[in-house]
Amino acid sequence: LPAEVPIRFVAVGDVMVDVVCAQLPASGTRAHAEVSVRAGGSAVNAATAAAEAGALAIVVGRVGSDPAADLVEADLRGRGVEAHLGRDGERTTGAAVALGADTVVAHRGANATFSPDDVPDPLEGDALLVSGFVLFQEGSSHAGTAALERFRGDWKGLDLASPKLAAAAEPGIDDANVVLATAEEALAVTGAAPERAARSLAARFEVACVKLGEAGAIAVQGEQVERCAAQPVPRRSPFGAGDAFGAVFLVALARGQPVGRALELACQAGARAASGAK
Ligand SMILES: Nc1ncnc2c1ncn2[C@@H]1O[C@H](COP(=O)(O)OP(=O)(O)OP(=O)(O)O)[C@@H](O)[C@H]1O
Ligand SMILES: [Mg+2]
């Protein structure tokens, strides 16, 4: 694709309201600290990172019929992200509270009834990222399958999302041609340590990526193995590093970048999100 034609990137996954505070106060105390309220969830985080990378970014998911849903839509408009959101009449918009770098309370809300009716048909784009939270959980799995089936572009990425979900739901994941896994998810699916796991996943997917947190990531395409060591940053936000990583990786592949360069750009985006950059 010529450089002036923007890549169309579609993120299919959770859509939430995130309430984020960088501090975790001791139980029973009352703290004063900055608290932000914003759109989040895997699909929103991925689409935001893709938009920042210069792509035309689209979020496909489901929210409630409440003021939280309006907040999400307004926030996405402000970020230049296009939204295709089904509206649930009963369930509330999903919400997550993060305190410090690794304490989270999450409620899936309307994400749990994300359905094929919420997914455009056909689904136009150059690169797609489907979250395992959608594909591997009852209630939303048909929406994930529909997205993979309806997508018309070349690059179909799947993030395995959680070791437990990925291990249990393994059949059916081959509709994607790019797989993104953490070391734990890769171990759950292949039984192997990161590099061997990545090679083994690359036998089933065109490109396999294993994310290693502050140690960076590995990508394998065919026989080619690429490694990228991250510049470790202190983690301030528990959300979004993996989502930004996957989005930027897929956008780079859709732009025709070689896997090694895509990996490098993805690691930079992951580090930015981990550091809590907005
Ligand atoms: N502390 C960090 N310092 C530098 N880079 C990081 C850090 N944390 C994450 N990254 C980058 O982001 C990528 C994705 O993060 P991670 O490996 O944690 O995946 P994930 O578990 O799917 O994401 P998340 O933790 O956001 O759910 C890593 O491969 C790495 O490149
Ligand atoms: Mg992680």
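Select leucine 129 to begin, and you will find yourself in strand β8 of this predicted model. With a relative accessibility of 7%, leucine 129 counts as buried, because the limit for that word is under 20%. If you then add valine 59 to the selection, you have two residues that lie 70 places apart along the chain, and their C-alpha atoms are separated by 9.9 Å.

From leucine 129, widen the view to the sheet around β8, which is an open sheet of nine strands in the order β5-β4-β1-β8-β9-β10-β11-β12-β13, with mixed pairing. The edges are formed by β5, residues 82–87, and β13, residues 224–228, each of which pairs on one side only. Looking across the sheet, you can follow a twist that averages 15° from one strand to the next.

Next, colour helix α9, residues 259–274, which packs on this sheet and touches β11, β12 (217–221) and β13, while its direction makes about 25° with that of β13. Within α9, pick out leucine 263, which counts as buried at 0% relative accessibility. Leaving out residues up to four places away in sequence, leucine 263 touches Cys209, Ala217, Ile218, Ala219, Glu226, Arg227, Cys228, Phe245 and Phe249. One of these partners, cysteine 209, is 54 residues away from leucine 263 along the chain, and the C-alpha atoms of the two are separated by 8.5 Å.

Staying with the nine-stranded sheet, select β10, residues 178–182, together with β11, residues 207–211, and you will see that the two strands pair in the parallel sense over five bridges. A useful place to check the register is valine 178, which stands opposite valine 207 in β11.

Move now to aspartate 159, which has its place in strand β9, residues 155–159. Is aspartate 159 buried or exposed? Its relative accessible area is 10%, so aspartate 159 is buried. Display its side chain, and you can trace a polar contact of 2.8 Å to the backbone nitrogen of alanine 161. Apart from neighbours within four places in sequence, aspartate 159 is in contact with Leu129, where the tour began, and with Val130, Ser131, Gly132, Leu180, Glu185, Lys211 and Gly242.

Lysine 211 leads on to ligand 1, since Lys211 is among the residues that come nearest to it, along with Gly213, Gly216, Val233 and Arg235, out of 21 residues around the ligand. Zoom in on three polar contacts here. A polar side-chain atom of lysine 211 lies 2.7 Å from an oxygen atom of ligand 1, and a polar side-chain atom of arginine 235 lies 2.9 Å from an oxygen atom of the ligand. Valine 233 contributes through its backbone, where a polar atom is 2.9 Å from a nitrogen atom of ligand 1. Show the surface, and you will be looking at a ligand of which the protein covers 83% of the 610 Å² of accessible area that it has on its own.

Return to the helices and select α4, residues 141–150, which is mostly covered, with seven of its ten residues buried. The buried ones are Ser141, Ala143, Gly144, Ala146, Ala147, Leu148 and Arg150. Among the elements that cover these residues, you can highlight β1 (8–12), β8 (127–131), α3 (132–135) and β9.

For the last part of the tour, turn to a second sheet, an open one of four strands in the order β3-β2-β6-β7, with mixed pairing. Strands β3 (35–40) and β7 stand at its edges with a single partner strand each, so one side of each has no neighbour in the sheet. On average, and ignoring direction, neighbouring strands of this sheet are turned by 15° against each other. Helix α2, residues 67–78, packs on the sheet by touching β2 and β3, and its direction makes about 80° with that of β3.

Inside this sheet, select β2, residues 16–21, with β6, and you will find parallel pairing over six bridges, with valine 20 opposite alanine 98 in β6. Strand β6, residues 94–99, also pairs with β7, residues 103–107, in the antiparallel sense over five bridges, and there valine 97 has valine 105 as its bridge partner. Finish at the hairpin that β6 and β7 form with three residues between them, where glycine 100 in the turn has a positive phi of about 75°.

Key: Residues numbered from 1 in each chain as written. Chains lettered and ligands numbered in written order. Heavy atoms only, no water. Pairing = 2+ DSSP bridges. Axes fitted to C-alpha atoms, helices over the stretch in contact; angles between N-to-C directions. Contact = heavy atoms within 4.5 Å. Buried < 20%, exposed > 50% of the residue type's maximum accessible area, 1.4 Å probe, protein only. Polar contact = N/O pair within 3.5 Å; in protein donor to acceptor, adjacent residues only side chain to side chain. Near = heavy atom within 4 Å. Areas by Shrake-Rupley, 256 points an atom, 1.4 Å probe, with all protein chains shown as cover.
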